[in-house]
Amino acid sequence: AAGRGPKRPLHPTAAVLPGVQEVELSDVPFPQHLGPIGRASIMVGVHGAALANVIFMQPGSSALLEIMLNSIGNYHYHNLCWWTNCTYTSLDTHGSSIPVP
């Protein structure tokens, strides 16, 4: 996205988690987001606007894991999941960092 710093390299997720497909959508036009998101069983991401794409996932058969960095009391994506019948869970780091190898 424009104005953001350099991207960190993505790790080969499939090598660590067989059957998992990592999708980077930041450089893809919005209409092209719908296919991968609609086919996804689980969306994992850091709290931010991109998680609103959960509304395009399959109701009743998909899940969102939201990684929150000191975001206690922020229920935006919990509420979207309830509205779209998507399973929701979160991991809150309480402001600390998560080491990435």
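The exercises below, each with a worked solution, concern a predicted model of one protein chain.

**Exercise 1. The overall layout**

Determine how many helices and strands the protein chain has, in which pattern they follow one another, and what share of the residues counts as buried.

Solution. Begin with the secondary structure, where the protein chain shows three helices and three strands. Reading along the sequence then gives the pattern α-α-β-β-α-β. For burial, take the 101 residues of the protein chain, of which 25% count as buried. The accessible surface comes to about 7300 Å², and carbon and sulfur atoms account for 62% of that surface. Finally, consider the contacts between residues at least 6 apart in sequence: 38% of these join residues at least 24 apart.

**Exercise 2. Leu51 and the nonpolar core**

Locate Leu51 relative to the strands, decide whether Leu51 is buried or exposed, and list the residues of the largest nonpolar core.

Solution. The first step is position: Leu51 belongs to the loop that links strand 1 (42–46) with strand 2 (63–68). The second step is accessibility, and because the relative accessible area of Leu51 is 4%, below the 20% cut-off, Leu51 is classed as buried. The third step is to look for partners beyond four places in sequence, which for Leu51 are Met43, Gly45, Val46, Leu64, Glu66 and Tyr77. One of these partners, Leu64, is 13 residues away from Leu51 in sequence, with 8.3 Å between the two C-alpha atoms. The last step assembles the largest nonpolar core, whose ten residues are Leu25, Ile37, Met43, Leu51, Val54, Met57, Leu64, Tyr77, Cys81 and Cys86. As general background, nonpolar side chains in soluble globular proteins tend to be buried together.

**Exercise 3. Ala40 and its contact with Met57**

Find where Ala40 is placed, and work out which residues Ala40 and Met57 touch when residues up to four places away in sequence are not counted.

Solution. Ala40 sits in the loop between helix 2 (34–39) and strand 1, and with a relative accessible area of 21% Ala40 is partly exposed. Leaving aside the neighbours within four places, Ala40 has contacts with Met57 and Ser62. Turning to Met57 and applying the corresponding exclusion, the residues touched are Ile37, Ala40, Ser41, Ile42, Met43, Ser62 and Ala63. As a further distance, Ala40 and Val54 are 14 residues apart along the chain, and their C-alpha atoms are separated by 9.6 Å.

**Exercise 4. Two cysteines without a bond**

Explain why Cys81 and its closest cysteine, Cys86, are not joined by a disulfide, and state whether each of the two is buried or exposed.

Solution. Recall that a disulfide is a covalent bond between the sulfur atoms of two cysteines. The closest cysteine sulfur to that of Cys81 is in Cys86, at 3.9 Å, and the closest to that of Cys86 is in turn the sulfur of Cys81. Because a disulfide is counted within 2.5 Å, this separation is too far for a bond. The structure accordingly holds zero disulfides. As for accessibility, Cys81 is buried at 1%, and Cys86 also counts as buried, at 7%.

**Exercise 5. Helix 3, the surface patch and the following loop**

Identify the residues of the nonpolar surface patch that includes Trp83, and describe the backbone angle phi of Asn85.

Solution. Trp83 is placed in helix 3 (residues 76–84) and is exposed, its relative accessible area being 63%. The nonpolar patch on the surface is formed by Phe30, Leu34, Ile55, Phe56, Trp82 and Trp83, which together have about 700 Å² of accessible area. Asn85 lies in the loop between helix 3 and strand 3, and at 51% relative accessibility Asn85 counts as exposed. Phi of Asn85 is near 60°, a positive value in a residue other than glycine. For comparison, most residues other than glycine have a negative phi.

**Exercise 6. Strand 3 and the segment after it**

State where Leu91 and His94 lie, and how far their C-alpha atoms are from those of Leu65 and Leu69, respectively.

Solution. Leu91 lies in strand 3 (residues 87–92) and is partly exposed, with a relative accessible area of 43%. Although Leu91 and Leu65 are 26 residues apart in sequence, the distance between their C-alpha atoms is 7.3 Å. His94 belongs to the segment after strand 3 and counts as exposed at 57% relative accessibility. The C-alpha atoms of His94 and Leu69 are separated by 5.8 Å, while the two residues are 25 apart along the chain.

Key. Residues numbered from 1 in each chain as written. Predicted model: local features only at pLDDT ≥ 70, side-chain atom pairs only at ≥ 80, totals over all residues. Heavy atoms only, no water. Helix = DSSP H or I, 4+ residues; strand = E, 2+ residues; numbered from the N terminus. Buried < 20%, exposed > 50% of the residue type's maximum accessible area, 1.4 Å probe, protein only. Contact = heavy atoms within 4.5 Å. Core = buried A, V, L, I, M, F, W, Y, C linked by side-chain atoms within 4.5 Å. Areas by Shrake-Rupley, 256 points an atom, 1.4 Å probe, with all protein chains shown as cover. Patch = residues over 30% accessible without salt bridge, like charges linked within 9 Å, V, L, I, M, F, W, Y side chains within 5 Å. Salt bridge = Lys/Arg side-chain N within 4 Å of Asp/Glu carboxyl O.
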